[in-house]
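Colleague: Please take me through this model one point at a time, and give the cut-offs behind each term when you first use it.

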Amino acid sequence: MKSFRVLLLPFALLYGLVVTIRNYLYNKGVLRSAQFNLPLICVGNLAVGGTGKSPMVEYLLNLLQHNYKIATLSRGYKRKTKGYALANDLSTALDIGDEPMQFHLKFPNVAVAVGEERIVAIPQLLHDRPGIQAIILDDAFQHRAVTAGLNIVLTDYSNLFTRDYFLPTGDLRDQRLSYKRADIIIVTKCPPNLDTATRDNIRKEIAPLPKQQLYFTAIEYGTPYHIIHRSERPLQLIDEVLLVCGIANPAPLQHYLGDNTAAYYQQDYSDHHIFRIDDLKDIRKRYDQIQAPQKMIVTTEKDAVRLLKFRQELDNLPLYVLPVRHGFLFNEGGQFNRQILDFVDNFQLQPASE
């Protein structure tokens with residue numbers, strides 16, 4: 001942890017006490033969780049920051065969408081609206097948030113909804129889209145008002161929850177012990193060549209329970225596509241690149257560009273930054289300053305949905321979106337897929353725990 005954050009330890013102790021008491025009340029049944037009679041798959045983490053939740057939601061949608069009527073429910077972080085909303089053809093990232101907008105654009109046949117109170121939003125979603133067979137809850141692990149049938153917890157290889165501490169000294173927003181509520185734990189953003197000895201050491205450190213499956217994934221990048229003209233002939237990364245990036249953890253993307261381009265330059269923005277026309281002017285100015293004969297602008301899918309409102313200005317700009325996905329290591333992707341499919345196929349509502 002950064003040294004200056006150690007000075008915030010008293011606040012971290014207070015935050016940790018509040019979280020611990022809250023979890024205790026849920027564990028003892030003083031605070032109650034609602035259950036729903038359909039498969040709910042929760043994708044979450046114990047820490048703030050990017051652990052790969054959005055790509056995991058997309059992985060699950062890809063896996064399930066052809067055989068089931070699927071929906072996703074997110075909080076809609078940093079949107080300008082409140083309450084429940086179901087994405088439609090007029091929705092923007094300002095209406096529903098950038099991750100839900102990303103899901104809506106990539107999976108037009110999936111019902112994408114947002115709502116801060118999931119216990120209220122789920123019945124509304126089921127009313128609006130009758131026949132839904134499963135719902136993926138995005139970033140809902142610490143929100144215990146609803147009990148999911150399958151909990152997937154992600155932890156970053158470079159910042160495992162076992163080595164972390166409560167906010168603001170560390171990045172944890174939940175107790176380390178909360179990992180015991182998970183059914184699946186995934187160590188994300190691993191080196192693609194992770195060796196078995198390191199894997200086994202991490203397994204010992206996390207110490208999954210007998211009921212839990214532990215997986216390891218690495219980031220895989222796809223072929224860039226133009227932000228407006230998606231059907232345009234796919235491009236590979238070329239000589240020099242301007243990276244336009246406003247995400248929580250850009251380090252893996254920076255490493256990838258460092259390995260796959262002659263040079264890259266970065267235009268930084270805060271996580272979930274709402275782009276303005278002046279930002280676009282700055283991006284174009286920075287791009288024009290690059291002297292290479294072959295050059296392009298690259299951004300993330302999360303940033304792209306917040307840039308799409310400038311369609312006219314982006315039409316002739318070489319701005320390409322770099323897709324990202326989880327790649328399971330040690331040939332365990334098939335096992336993970338079977339676990340998810342078996343859960344949905346064989347779902348039965350479990351009695352509420354005492």
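Colleague: Which helix is the place of I21?

Modeller: This is a predicted model, in which local features need pLDDT of at least 70 and side-chain atom pairs count only at pLDDT 80 or more, whereas totals for chains, interfaces and linings use all residues. Residues are numbered from 1 along each chain as its sequence is written, and side-chain values use heavy atoms, with hydrogens and water left out. If helices are taken as DSSP runs of H or I of at least four residues, and strands as runs of E of at least two, both numbered from the N terminus, then I21 falls within residues 9-27, which are helix 2.

Colleague: What is the area of the nonpolar surface patch made by L14, L17, V18 and I21?

Modeller: Buried means under 20% relative accessible area, exposed over 50%, and partly exposed in between (1.4 Å probe, protein chains only), and I21 is partly exposed because its relative accessible area is 45%. A patch takes residues with over 30% relative accessible area and no salt bridge, joining like charges within 9 Å and nonpolar side chains (Val, Leu, Ile, Met, Phe, Trp, Tyr) within 5 Å. With areas from the Shrake-Rupley method and a 1.4 Å probe, only the protein chains shown counting as cover for residues, the patch made by L14, L17, V18 and I21 covers about 380 Å².

Colleague: Which strands are the edge strands of the open sheet of nine strands?

Modeller: Two strands pair if DSSP finds at least two bridges between them, and on that basis the nine strands follow the order 3-4-2-5-1-6-7-8-14, with mixed pairing. Pairing on one side only marks an edge, and this holds for residues 85-86 and residues 324-328, namely strand 3 and strand 14.

Colleague: Which residue of strand 6 is the bridge partner of C42?

Modeller: Strand 1 (residues 40-45) is joined to strand 6 (residues 150-156) by five bridges, in the parallel sense. Within strand 6, the residue that partners C42 is N151.

Colleague: At what angle to strand 1 does helix 3 run?

Modeller: Helix 3 (residues 53-64) lies across several strands, among them strand 1, strand 2 (70-74) and strand 5 (134-138). Contact here means heavy atoms within 4.5 Å, while axes are lines fitted to C-alpha atoms, for helices over the stretch in contact, and angles run from 0 to 180 degrees between N-to-C directions. On that scale, helix 3 runs relative to strand 1 at about 155 degrees.

Colleague: Which residue of strand 4 stands opposite A85?

Modeller: In strand 4 (residues 111-114), A111 and A113 on one side and V112 and V114 on the other are all buried, so that both faces are covered. Strand 4 runs parallel to strand 2 over four bridges, with T72 partnered by V112. Strand 3, by contrast, pairs with strand 4 in the antiparallel sense over two bridges, and there the residue opposite A85 is V114.

Colleague: How many of the nine residues of helix 5 are buried?

Modeller: The buried residues of helix 5 are D98, E99, P100, M101, Q102, F103 and H104, and their cover includes helix 3, strand 2, helix 4 (93-96) and helix 10 (301-307). Helix 5 (residues 98-106) is therefore largely enclosed by the rest of the structure, the buried count being seven.

Colleague: How far apart in sequence are D98 and R306, the pair that forms a salt bridge?

Modeller: A salt bridge is a side-chain nitrogen of Lys or Arg within 4 Å of a carboxyl oxygen of Asp or Glu, and the side chains of D98 and R306 meet in one at 2.7 Å, N to O. The pair links distant parts of the chain, D98 in helix 5 and R306 in helix 10. Both D98 and R306 are buried, and their separation in sequence is 208 residues.

Colleague: What relative accessible area does K106 have?

Modeller: K106 forms a salt bridge with E301 at 2.9 Å, N to O, again linking helix 5 to helix 10, here over 195 residues. E301 counts as buried because its relative accessibility is 6%. K106 is partly exposed, with a relative accessible area of 29%.
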